[in-house]
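Q: Please take a close look at one part of this model, the nonpolar patch on the surface. Then set it against the rest of the protein.

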Amino acid sequence: MHSVPAAPSILRRSRARRGGKRVRFAQVTVYYFARRQGFTCVPSAGGSSLGMAPRHHRARRYSLSQFAHLRQVSHRQHLRQHLRREKLRARRRELTQNGTVPSAEAAGLTLADVSDDDLDVGQVEVGDYFYLQPLPTKRRRALLRASGVRRIDAEERQELRALRLSREQCGCHCRLTCEPRTCACSQAGIQCQ
């Protein structure tokens, strides 16, 4: 019997051909957009959504090391603001006996009353901490106003609420077999869920 040599694998050839080639990036281009009311996303709770203008108003190029440094500085500032808000909430809670008795002193406290010395920024690793966090409705509205949005469309709030409610109910109520006359999926033209 003659043994037939196995044909070389296509996968092995493509790997060998690639050799040591790698994609390398030399710079990062960052595009800056004006903030607008969103209309394209659904925040997990209340209010209007955040969006951006259809076209950027500025672009900047950075080397990889410059961009990494800028990002670290930005993340540290966000972390510092977050810790400052948390410290303010804690102080207000202390002054109001854990939120049960209103206090004029607690109501008068602002973020300016929390100094950098009160923050434990060094205790938190910025890379481990930083991720996009949901913003409360009041902060989203404040960001929109600070960005020059004069009129916030109030109808979006009702539309977003309706969307959140509709997403709570997914699929149909069919059991074992599909009943096309009463099946919401079938009526919507999709396969029964």
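A: **The surface patch and its setting**

Val-23, Phe-25 and Leu-64 make up a nonpolar patch on the surface, and together they have about 350 Å² of accessible area. The model is a predicted one. Within the patch, Phe-25 sits in the loop between helix H1 (10-18) and strand E1 (27-37). Phe-25 counts as exposed because its relative accessibility is 62%, and the cut-off for that class is over 50%.

The patch belongs to a protein with seven helices and two strands. In sequence order these elements give the pattern α-β-β-α-α-α-α-α-α. The accessible surface of the whole protein comes to about 16,100 Å², with 52% of that area belonging to carbon and sulfur atoms. Buried residues account for 19% of the 193 residues. As for contacts between residues at least 6 apart in sequence, 60% join residues at least 24 apart.

Helix H2 (residues 64-95) holds both partners of a salt bridge, Glu-86 and Arg-89. The closest N and O atoms of Glu-86 and Arg-89 are 2.4 Å apart, and the salt bridge cut-off is 4 Å. Side chains of opposite charge can pair when their charged atoms come close. Glu-86 and Arg-89 are separated by about one helical turn, because they are three residues apart in helix H2. Glu-86 is partly exposed, at 35% relative accessibility, and Arg-89 is also partly exposed, at 43%. The count for the structure comes to one salt bridge.

The cysteines can be treated in the same way. Zero disulfides turn up in a search of the whole structure. For Cys-185, the closest cysteine sulfur is that of Cys-172, at 3.8 Å, which is too far for a bond. A disulfide would need the two sulfur atoms within 2.5 Å, so the pair of Cys-185 and Cys-172 does not qualify. Cys-172 is buried, with a relative accessible area of 14%. Cys-185 is buried as well, at 3%. Both values fall in the buried class because its limit is under 20% relative accessible area.

To return to the patch, Phe-25 is exposed at 62% relative accessibility, whereas Cys-185 is buried at 3%. The partly exposed class includes Glu-86 and Arg-89.

Note on methods: Residues numbered from 1 in each chain as written. Predicted model: local features only at pLDDT ≥ 70, side-chain atom pairs only at ≥ 80, totals over all residues. Heavy atoms only, no water. Buried < 20%, exposed > 50% of the residue type's maximum accessible area, 1.4 Å probe, protein only. Patch = residues over 30% accessible without salt bridge, like charges linked within 9 Å, V, L, I, M, F, W, Y side chains within 5 Å. Areas by Shrake-Rupley, 256 points an atom, 1.4 Å probe, with all protein chains shown as cover. Salt bridge = Lys/Arg side-chain N within 4 Å of Asp/Glu carboxyl O. Helix = DSSP H or I, 4+ residues; strand = E, 2+ residues; numbered from the N terminus. Contact = heavy atoms within 4.5 Å.
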